[in-house]
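Let's take a walk through this protein together, one piece at a time. Keep the sequence and the 3D view open as you read.

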Amino acid sequence: MERLDEGIAWFAGARGGPGPRVGISFGVHGNERAPIDAGERLLAELEQGALQVRAGGLLVLLANPRASAADRRWSEGGVDLNRCFHRDVLARAPRLYEEERAGRIAQVLEERGVEVLVDFHCTVEPGERFAMHHPAAADEAHVRATALLEAEVVLADPDLHFGAVSLDEWMATRGRVGVCYETGWIGDPRTTPEAVHAEMVNVLRGYGVLAGEPRLHSEKRRIQLYRALPCAAEGFRWSDGVGENLQEVAGGTVLGRYGDGREERLERDATLVFPKKRPELVQVGKPLVYLARRA
Ligand SMILES: [Zn+2]
């Protein structure tokens, strides 16, 4: 094992020679306990030899150690690490801890030639498990990666509506495989460190990094983001029963009404992605919700 930096470890395959170079990351958001506990258990098992890398290489990455130690989404006085991987942020002199950390992570990923990275998260709002990636839904390398995850829903963002700011986007916009995996709601009893750990091991088996047969979850609802729906006026209120993440809504449905009584009506069948449900998150001119359709 090589310790490359705080929270960053590299394990080379016992057989030596070529093989897939895979990264498992967690703790980009320091309050997402299940993935962090799962990742730390994975790291300990690799260090103690209970798990052994067979071929290629494995990067284990506790992405934001400072935030994780404080059990906060980002470090005190810091920013969201998953907004710091934009080209412009990486190009300028870092001012904050997360900006510096993003630069260091990008450097390690380059140096080690990591080809596939699955970044493990969990959600703070109730909702189902899902995976996200930048390339189109049919992209073969990403179909292969997501088949190793239990999530039923996979969201692709080929037009980069999310802005190329995150760790998985850093990978995918450089021709590698990058998947952001939301392993489920933090309050869901199924979102345990054990469950997330099993998913990490399954990914590594799938690429031959660890021994064992992977389980394949090939049946997915693959959807693709096609537009952001901006908030047009003040005082927006969602219609009853509308506005859950990944909710499938029929064309013609009234999503909600603005303060002046105007309706926001869905033009065609769509899946709602990241609806701004809390009034304090709704801003005129900013996305009210992103819309996706079946790929
Ligand atoms: Zn997260």
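What follows goes from the overall layout to the strands, the helices and finally one loop residue.

Before anything else, keep in mind that this is a predicted model. The domain assignment splits the protein chain into domain 1, residues 2-206, and domain 2, residues 226-294. If you put a marker at the C-alpha centre of each domain, the two markers sit 30 Å apart. Where the domains touch, six residues come from domain 1 and six residues from domain 2. On the domain 1 side of that contact you'll find three nonpolar, two polar and one charged residues.

Now for the inside. The largest nonpolar core holds 75 residues, and Ala131 and Leu155 are the ones with the most contacts inside it. This core takes at least three residues from each of domain 1 and domain 2. Click on alanine 131 and look around: once you set aside neighbours within four places in sequence, alanine 131 is in contact with Thr146, Leu149, Ala151, Val154, Val179, Cys180 and Tyr181.

Some of those partners lead us to strand β8, which spans residues 177-185. How enclosed is strand β8 by the rest of the structure? Eight of its nine residues are buried, so β8 is largely enclosed. Strands pair through backbone hydrogen bonds, and the pairing can be parallel or antiparallel. With β5 (residues 116-123), β8 pairs in the parallel sense over seven bridges. One spot to look for there is threonine 123, whose bridge partner in β8 is tryptophan 185. With β6 (residues 130-133), β8 pairs in the antiparallel sense over three bridges. Here methionine 132 stands opposite cysteine 180 of β8.

Head back to the start of the chain for another set of strands. Strand β1 (residues 2-5) and strand β2 (residues 8-12) run antiparallel and are joined by three bridges. Aspartate 5 faces isoleucine 8 of β2 across this pair. The hairpin has two residues between the strands, and glycine 7 takes a positive phi near 75 degrees in it. β2 also pairs with β4, again antiparallel, over five bridges. In that pairing, alanine 9 stands opposite valine 60 in β4.

On to the helices, starting with α4, residues 97-111. Its 15 residues reach 21 Å from the first C-alpha to the last, close to the 21 Å expected at 1.5 Å a residue. Which residues of α4 are buried? They are Tyr97, Glu98, Glu99, Arg101, Ala102, Ile105 and Leu109. An α-helix has 3.6 residues a turn, so residues three or four places apart point the same way. The buried residues of α4 pack against β3 (21-26), β4 (57-62), α2 (65-70), α3 (87-91) and α6 (167-172). Just past the end of α4, glycine 113 takes a positive phi of about 60 degrees.

Helix α7, residues 193-206, can be read in a similar way. Its 14 residues reach 20 Å from first C-alpha to last, close to the 20 Å expected at 1.5 Å a residue. Buried in α7 are Val196, His197, Glu199, Met200, Val203, Leu204 and Gly206. These buried residues pack against β3, α1 (33-48), β4, β5 and β8. Just after α7 comes glycine 208, with a positive phi of about 75 degrees.

Domain 2 has strands to look at as well. Three of them form an open, antiparallel sheet in the order β10-β12-β13. The edges are β10 (237-238) and β13 (263-265), each pairing on one side only. Two bridges join β10 to β12, residues 254-257. Arginine 237 has arginine 257 of β12 as its bridge partner.

Last stop: threonine 173, in the loop between α6 and β8. Is threonine 173 buried or exposed? It has 16 C-beta neighbours inside 10 Å, so threonine 173 counts as partly exposed. Neighbours within four places in sequence aside, threonine 173 is in contact with His134 and Ala164. For a sense of the fold around this loop, compare threonine 173 with leucine 160: 13 residues apart in sequence, and 9.5 Å apart in space from C-alpha to C-alpha.

Methods. Residues numbered from 1 in each chain as written. Predicted model: local features only at pLDDT ≥ 70, side-chain atom pairs only at ≥ 80, totals over all residues. Domains from an automatic or database assignment. Contact = placed C-beta atoms within 7 Å. Nonpolar A, V, L, I, M, F, W, Y, C, P; charged D, E, K, R; others polar. Pairing = 2+ DSSP bridges. Helix = DSSP H or I, 4+ residues; strand = E, 2+ residues; numbered from the N terminus. Expected span 1.5 Å × (residues − 1). Buried ≥ 20, exposed ≤ 12 C-beta atoms within 10 Å, placed from the backbone. Core = buried A, V, L, I, M, F, W, Y, C linked by C-beta atoms within 7 Å.
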